[in-house]
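Hello,

Here is the structure I promised to pass on to you. Have a look at it first, and then read on for what turned up.

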Amino acid sequence: MEEHESFNRRAVDVIGEWSDSPDRVEFMGTGVGPYLAEPYGHLKLIVGLVHVAGCLLIKLERETGMRRHEILEDCATNAG
């Protein structure tokens with residue numbers, strides 16, 4: 001398999017494109033589809049997304065002073 005850095009790059013690219021997309025539902029097919037079509041593409045994307053989410057969680061914890069579990073619970077209960 002590829003190096004984990006490329007998995008993280010995929011995730012950053014997907015999240016960046018998603019955040020810029022006016023139609024996020026359509027984006028799921030057009031933006032994510034090519035990655036999923038690759039061999040093990042879904043696993044590569046999941047690994048990258050988990051890593052990027054973890055990095056963002058740690059940075060948010062440092063910036064806000066909230067505990068990680070509080071941040072995650074807030075994300076689970078507040079859609080946006």
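Where is the place of tyrosine 35? Tyrosine 35 sits in helix α3, which covers residues 33-37. Please keep in mind throughout that this is a predicted model.

Is tyrosine 35 buried or exposed? With a relative accessible area of 17%, tyrosine 35 is buried, because the cut-off for that class is under 20%. Its C-alpha lies 8.0 Å from that of arginine 10, although 25 residues separate the two in sequence.

Arginine 10 leads on to the salt bridges, of which the count is four. The side chain of arginine 10 meets that of glutamate 38, at 2.8 Å from N to O. This pair links distant parts of the chain: arginine 10 belongs to helix α1, while glutamate 38 is in the loop between α3 and α4, 28 residues apart. Arginine 10 is buried at 7% relative accessible area, whereas glutamate 38 is partly exposed at 29%.

Another salt bridge joins arginine 9 and aspartate 13, at 3.1 Å from N to O. These two are about one helical turn apart, because they are four residues apart in helix α1. Both ends are partly exposed, arginine 9 at 47% relative accessibility and aspartate 13 with a relative accessible area of 28%. Arginine 67 and glutamate 70 form a salt bridge too, at 3.6 Å from N to O; here arginine 67 counts as exposed at 54% and glutamate 70 as partly exposed at 39%.

The loop between α3 and α4 also holds tyrosine 40. You may like to check its backbone: phi of tyrosine 40 is near 60°, a positive value in a residue other than glycine. For context, most residues other than glycine have a negative phi. Tyrosine 40 is exposed, with a relative accessible area of 51%.

Which residues form a nonpolar patch on the surface with tyrosine 40? They are Leu43, Ile46 and Val50, and the patch has about 400 Å² of accessible area together. Valine 50 is in helix α4 and counts as exposed at 57% relative accessibility.

Last, the pockets. The largest pocket has a volume of about 170 Å³. Helices α1 (4-20), α2 (24-30) and α4 (41-64) each give two or more residues to its lining, and the largest share, three residues, comes from α1. Among the lining residues are Trp18, Phe27, Met28 and Leu45. By class, the lining has eight nonpolar residues, with no polar and no charged ones.

Best wishes

Notes: Residues are numbered from 1 along each chain as its sequence is written. This is a predicted model: local features need pLDDT of at least 70, side-chain atom pairs count only at pLDDT 80 or more; totals for chains, interfaces and linings use all residues. Side-chain values use heavy atoms; hydrogens and water are left out. On a 1 Å grid over the protein atoms alone, a cavity is a set of points where a 1.4 Å probe fits but cannot get out, and a pocket is an open set with protein on both sides within 12 Å along at least five of seven lines; lining residues have an atom within 4 Å of a point. Grid points are joined across faces, edges and corners, and a volume is the space filled by probe spheres set on the points. Ala, Val, Leu, Ile, Met, Phe, Trp, Tyr, Cys and Pro count as nonpolar, Asp, Glu, Lys and Arg as charged, and the others, Gly among them, as polar. Patches are made of residues with over 30% relative accessible area and no salt bridge: like charges are joined within 9 Å, nonpolar side chains (Val, Leu, Ile, Met, Phe, Trp, Tyr) within 5 Å. Accessible areas come from the Shrake-Rupley method with a 1.4 Å probe; for residues, only the protein chains shown count as cover. Buried means under 20% relative accessible area, exposed over 50%, partly exposed in between (1.4 Å probe, protein chains only).
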